[in-house]
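Dear colleague,

I am passing on the structure we spoke about, and below it you will find my notes on what came out of it. Please read them with the structure open beside you.

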Amino acid sequence: MSKETIETGFDDHWEKRTIEVASGDPAPWSPKRRFDVLGKRVPRLDGPAKASGAAVYSIDVRLPGMLHGRFLRSSYPAATLTSLDLEPARRMPGVKAAIAVAQPGTPLRFAGQEVAAVAADTPEHAEDAVRAIVAKYDPKPFVVDLEKAQEPSAPLVFEATRVETKTTAGDIQRGNRSLPRKGNVMGPRASNKGDVDKAFSEADVIVERTYRTQVQTHTCLETHGVVARWQGDELTVWASTQGIFSVREEMAEALGVPKSKVRVITEYMGGGFGSKFGAGVYGVAAGRLAREAGAPVKLFLDRKEEQLSAGNRPNSIQWIKAGAKKDGTLVALHLISHGTGGVNGGAGTSGPLKNIYECPNVRTEEYDVFTNAGPSSAMRAPGHPQGCFALEATMDELAERLGMDPYQFRMKNDPSPVRRKEFEMGADKFGWSRREALRKSSDGPVKRGMGMAASVWYNTGGTGPKATVTIHRDGSAEVVHGLQDIGTGTRTMVALVAAEELGLPLERVTVKVGDTDYPYGPGSGGSTTTPSSSPAIRRAAWGAKRRALEQAGFNPDTHDVRRGSVIDAASGRPMASFEQACHKLPAEGVSFTADRADNHEDAWKRFINGTQFAEVEVDTETGIVSVKRVVAVHDCGVPINLLGLESQIHGGVIQGVSYALFEDRTLDVATGHMVNPNIDFYKVAGALDVPEIEAMILPVYDGVNNTDTTGIGEPATVPTAAAIANAVSHAIGARIDQIPITPHVVLAALSRAREERS
Amino acid sequence: MKAFTFVEASDFETAAREAARPDAAIKAGGTDLLDRMKERTDEPAHLVGISGIVPREKIRVESSATTLHALVTLAFLAEDPAVRRHYPALAEAAAGAATPQIRNMATLGGNVCQRPRCWYFRLEDYECRKKGGVDCFAFHGENQFHAIFHTEPCACVHPSATATALMAYGATVVTTAPGGGREVPLDQFLVLPDADPTVETILKNGEVVTAIKLPPPHPAAKSAYVKIKHKQTFDWPLADAAVVLHMDGRTCRQARVVLGAVAPVPLRRPKAEEALAGRAIDASVARQAAEQALADATPLAKNGYKVTLAKVALERAILAAAG
């Protein structure tokens with residue numbers, strides 16, 4: 001360990017801190033460093049392969065003799081499987097294997113739950129064979145509606161005292177089994193700070209309202225699935241996953257083989273958003289089918305199965321009461337939240353309310369309600385878009401009641417200097433000062449409005465990742481790291497971090513990722529990928545570089561490599577070409593494998609912030625909302641690749657627009673089925689629905705790890721729906737208290753407002 | 001998808017012969033049929049492809065009628081100068097449908113004959129009246145996108161935007177069949193589910209739509225089509241309206257008014273037509289006509305808002321047509 005004094009801060013807020021740096025780990029980059037390759041706009045390395053179709057995603061993998069797997073699924077929202085006969089399926093043309101996934105006697109708890117699976121030579125034969133399976137069920141009463149499920153007479157989703165929810169890597173805030181459960185309602189998960197009742201009795205202004213959000217599905221373009229191949233007792237799995245190592249772990253456990261015999265590969269991946277960490281019922285079934293058939297099996301879900309069973313963001317009914325003083329000081333917040341993740345928990349929404357604004361008195365009570373619907377899974381900032389929507393609408397309403405501008409109200413109550421700076425940057429770029437003029441400029445039935453919302457996120461990454469960097473005699477380098485690029489550009493991030501540390505141009509660095517045969521990489525979730533991986537990559541590159549310098553006859557303590565030259569570290573004077581210096585390396589080059597060091601204890605501990613501003617047009621005759629513009633201001637430490645970062649923010653905003661206006665998993669209450677299990681009736685924003693998006697980055701140096709990075713995946717989508725809803729409320733002069741903001745919702749809000757006025 | 005045999009017909013007569021089998025289905029662009037086959041709501045054993053039939057003329061303009069070949073695509077209708085000039089409501093309806101990819105594949109005949117987009121009908125899990133069952137699940141269920149007129153015995157809405165426009169122009173459907181073809185006005189070709197909820201048209205086995213005929217453009221005719229959709233990219237109409245007005249200065253002499261996405265067929269609204277005839281068209285007249293058009297709507301539990309949207313679509317279409 002060595003003590004290093006570093007500068008932390010942002011913009012014009014700087015502070016010196018002394019941190020302990022692990023031996024063999026470089027100190028965080030100085031804010032004064034002029035980066036050679038970081039912080040620029042670099043097209044992603046795999047862009048051409050993806051755009052041309054050359055990239056082979058897991059769903060594209062074709063192996064000789066490969067079979068196609070398919071599930072039989074329960075069509076009952078609640079039933080007991082009474083008997084299962086696979087023999088008729090085994091006699092169908094092309095069928096090579098058939099397995100039970102649920103055993104007779106098993107309770108089935110949602111329409112679409114897996115019962116059995118087959119593998120056949122063609123997808124069509126597999127489908128025909130599934131239809132030949134004879135399964136008998138004893139249907140049970142069921143409940144799919146969040147409110148009906150809370151009634152004392154509601155059918156119980158879980159009859160036993162124990163709730164059988166499954167947790168997989170990357171999942172957050174699962175059903176906490178120690179919480180009390182009454183009927184289908186589990187909780188509360190409660191928190192209490194200060195004296196909320198007293199604060200309300202002393203508040204000058206109190207607002208109180210119930211907000212509703214819908215169930216959103218992940219809608220990954222590449223559906224969930226794997227290709228599984230046994231060679232003897234060794235299993236290779238091509239998975240569409242956010243965590244090749246967690247898939248390996250779960251496959252090994254479920255199939256009863258040592259982890260060392262399982263290899264998982266994810267070369268290219270088409271979207272996960274939190275739902276793709278585990279082996280999945282599909283992965284385990286594919287492994288079993290492949291073993292039984294003695295041939296590789298591909299089992300990818302179709303779109304309908306994806307919508308029914310592959311995860312979702314729980315819905316919510318959030319009651320919020322908030323109080324403030326006349327001068328705009330927030331004094332009390334009370335949240336009671338109910339949500340359903342179907343047969344899973346994870347419906348909490350209190351994150352934004354507890355962590356954004358300064359408020360001395362806060363009470364939260366969160367309940368998970370079980371229903372006979374497909375299980376939730378972690379989805380891009382679990383709980384936050386829904387919590388942010390309700391909280392930020394409440395903040396706007398308080399501001400309105402106080403006669404304050406919502407921006408001023410937030411500036412007054414936000415304790416984070418970073419986010420206050422982001423409010424300023426965003427308001428300036430967005431033109432917040434035109435807000436009232438814009439509303440007044442509305443002509444005819446089309447009304448215009450502006451809204452804003454804040455976000456918070458937490459994770460800063462952690463230990464576990466390892467990377468190996470090799471420098472070759474020709475001065476080129478390769479990075480080997482078992483990290484999957486889930487479409488976020490992490491492959492490019494790996495190359496950039498190594499290139500910066502090695503002092504090499506990007507094209508001299510080759511990256512190998514996406515294979516459990518490589519040194520351990522983290523699951524891509526919680527916005528922790530870059531802060532977890534990049535410090536290991538930098539450390540490995542730093543170590544390899546020092547070895548190469550040493551081998552080439554330079555003292556690594558007094559020399560460095562920048563822009564392809566060995567330099568004198570103190571003066572910056574070039575001494576030799578690095579490529580030529582590398583000629584002195586041994587034939588095998590030099591390699592260095594490094595672990596990621598612990599987060600620095602004395603670094604600037606802070607949350608990840610962010611704010612978004614939205615401008616909308618609302619046709620008040622039809623209720624159609626058009627989002628014209630979103631300005632998104634975010635911080636994620638030191639930007640590695642501005643282009644990738646902006647692109648990911650755009651993605652977060654687009655998904656947020658879609659959540660705000662369109663997406664809505666619709667269950668038929670009478671029959672318990674999802675009626676829109678596709679991406680036609682399940683509406684997802686298309687090109688014409690996407691606003692002009694301007695991403696702004698506030699670089700922040702907190703010194704937590706050696707690259708000073710945090711993530712952006714989740715923060716980018718947290719405040720979008722909230723900002724849009726506030727903009728719509730502003731435009732139409734009526735509070736939007738539910739999403740998605742459909743024509744029906746807008747027209748109903750307008751009609752309520754008219755009734756209140758008259 | 002269930003296994004099937006496939007034959008590519010080189011002309012409509014061959015197609016009609018091949019499709020005469022009771023288990024056959026005709027595939028033009030395939031943008032509707034294949035979805036149903038994948039979900040197994042349709043399991044034809046024999047598929048007759050007609051997309052390879054090359055139209056000698058896509059559009060024929062004569063003094064007696066304008067004839068559109070059944071296999072012209074929606075993309076063609078959206079772009080063809082003659083359609084745009086003489087039948088702008090049809091061009092607009094085609095241009096606003098689906099996505100560019102689908103518009104490049106979907107045919108006019110297929111679009112008019114496409115099956116309803118009711119989510120219960122489209123799912124294998126529901127044996128609804130349209131599939132020969134005894135229930136309309138939408139009637140008491142998730143009916144936010146369903147009919148606000150003629151909600152029984154089947155509350156689906158006709159999905160075709162072009163059909164809304166075609167009906168306003170008074171189009172006729174031309175068919176061929178092994179026993180001889182026929183020409184039927186579109187408003188008789190498309191039928192309410194009263195007699196047989198399992199069909200939307202009068203097409204018989206082996207009968208193939210070969211063309212759509214439109215009356216020649218009236219010199220005084222002004223027309224418009226307005227579609228209200230939730231998403232602006234690829235969405236079905238929540239409500240749409242097509243109007244053809246014969247104008248004399250600001251005064252409307254005669255009107256044809258059709259609402260779409262509100263009933264199992266595109267719906268002529270005679271009372272609205274009467275409210276327009278002989279009147280100088282302004283916002284207030286348009287509003288009165290729209291009120292008349294929706295006066296007898298019978299919305300379901302979750303689609304009352306569609307009454308408002310249909311009114312707005314119609315008002316805007318009237319004003320757009322009147323210029």
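Helices (H or I, at least four residues) and strands (E, at least two) are DSSP runs, numbered from the N terminus, and that is how elements are named in these notes, for instance where Pro740(A) is placed in the loop between helix 17 (720-732) and helix 18 (743-757) of chain A. Please keep in mind throughout that this is a predicted model.

I begin with that proline, since the backbone has some features to check by eye. The peptide bond that leads from Ile739(A) into Pro740(A) is cis, with omega near 0°. A cis peptide bond is also found from Gly187(A) to Pro188(A), where omega is near 10°, and Pro188(A) belongs to strand 10 (residues 185-193) of chain A. Asp708(A), which is not a glycine, nevertheless has a positive phi of about 55°; this residue sits in the loop between strand 32 and helix 17 of chain A, and because its relative accessibility is 2%, Asp708(A) counts as buried. In chain B, Ala98(B) likewise is not a glycine and has a positive phi, of about 50°, and its place is the loop between helix 5 (88-95) and helix 6 (100-105) of chain B.

Turning to the interior, the largest nonpolar core contains 93 residues, and those with the most contacts inside it are Leu77(B), Leu90(B), Leu245(B), Leu276(B) and Leu314(B). The element that gives the most to this core is helix 13 (residues 305-322) of chain B, which supplies 11 residues. If one sets aside the neighbours within four places in sequence, the residues in contact with Leu314(B) include Ala241(B), Val243(B), Val257(B) and Leu259(B), as well as Ala272(B), Ala289(B), Ala290(B) and Ala293(B). There is also a second, separate core of 90 residues, and among its members are Ala322(A), Leu391(A), Cys636(A) and Ile736(A).

How many cavities of 30 Å³ or more are there? The count comes to 5, and the largest cavity has a volume of about 250 Å³. The lining of the largest cavity is made up of 17 residues, and those that lie nearest its centre are Phe681(A) from one chain, with Arg117(B), Phe145(B), Val157(B) and Trp236(B) from the other. By character, this lining divides into 11 nonpolar, 2 polar and 4 charged residues.

Among the strands, an open sheet in chain A is formed by 3 strands in the order 2-1-32, with antiparallel pairing. Strand 2 (13-21) and strand 32 (700-701) of chain A each have a single partner strand and stand at the edges, so one side of each is left without a neighbour in the sheet. Strand 1 (residues 2-10) of chain A pairs with strand 2 of chain A over 9 bridges, in the antiparallel sense, and within this pairing Ser2(A) stands opposite Val21(A). Elsewhere in chain A, strand 23 (residues 477-480) and strand 24 run parallel and are joined by 4 bridges, with Val480(A) standing opposite Lys512(A) of strand 24. Strand 24 (residues 509-512) of chain A has a covered face, formed by Val509(A) and Val511(A), and an uncovered one, formed by Thr510(A) and Lys512(A).

Some helices also deserve a mention. Helix 9 (residues 161-169) of chain B is mostly covered, as 9 of its 9 residues are buried, including Ala161(B), Leu166(B), Met167(B) and Tyr169(B). Just after helix 9 of chain B, Gly170(B) takes a positive phi of about 75°. In helix 3 (residues 123-132) of chain A, the buried residues are Ala126(A), Glu127(A), Ala129(A), Val130(A) and Ala132(A). What covers these buried residues of helix 3 includes several elements of chain A, among them strand 3 (67-73), helix 2 (87-90) and strand 5 (95-100), together with helix 2 (33-39) of chain B.

My last item is Glu249(A), which is found in helix 5 (residues 244-255) of chain A. Is this residue, Glu249(A), buried or exposed? With a relative accessible area of 40%, Glu249(A) is partly exposed. The C-alpha atoms of Glu249(A) and Ile265(A) are separated by 13 Å, and these two residues are 16 residues apart along the chain.

With best wishes

Technical notes: Residues are numbered from 1 along each chain as its sequence is written. Chains are lettered from A and ligands numbered from 1 in the order in which they are written. This is a predicted model: local features need pLDDT of at least 70, side-chain atom pairs count only at pLDDT 80 or more; totals for chains, interfaces and linings use all residues. Side-chain values use heavy atoms; hydrogens and water are left out. On a 1 Å grid over the protein atoms alone, a cavity is a set of points where a 1.4 Å probe fits but cannot get out, and a pocket is an open set with protein on both sides within 12 Å along at least five of seven lines; lining residues have an atom within 4 Å of a point. Grid points are joined across faces, edges and corners, and a volume is the space filled by probe spheres set on the points. Ala, Val, Leu, Ile, Met, Phe, Trp, Tyr, Cys and Pro count as nonpolar, Asp, Glu, Lys and Arg as charged, and the others, Gly among them, as polar. A nonpolar core is a set of buried Ala, Val, Leu, Ile, Met, Phe, Trp, Tyr and Cys residues joined through side-chain atoms within 4.5 Å. Buried means under 20% relative accessible area, exposed over 50%, partly exposed in between (1.4 Å probe, protein chains only). Contact means heavy atoms within 4.5 Å. Two strands pair if DSSP finds at least two bridges between them.
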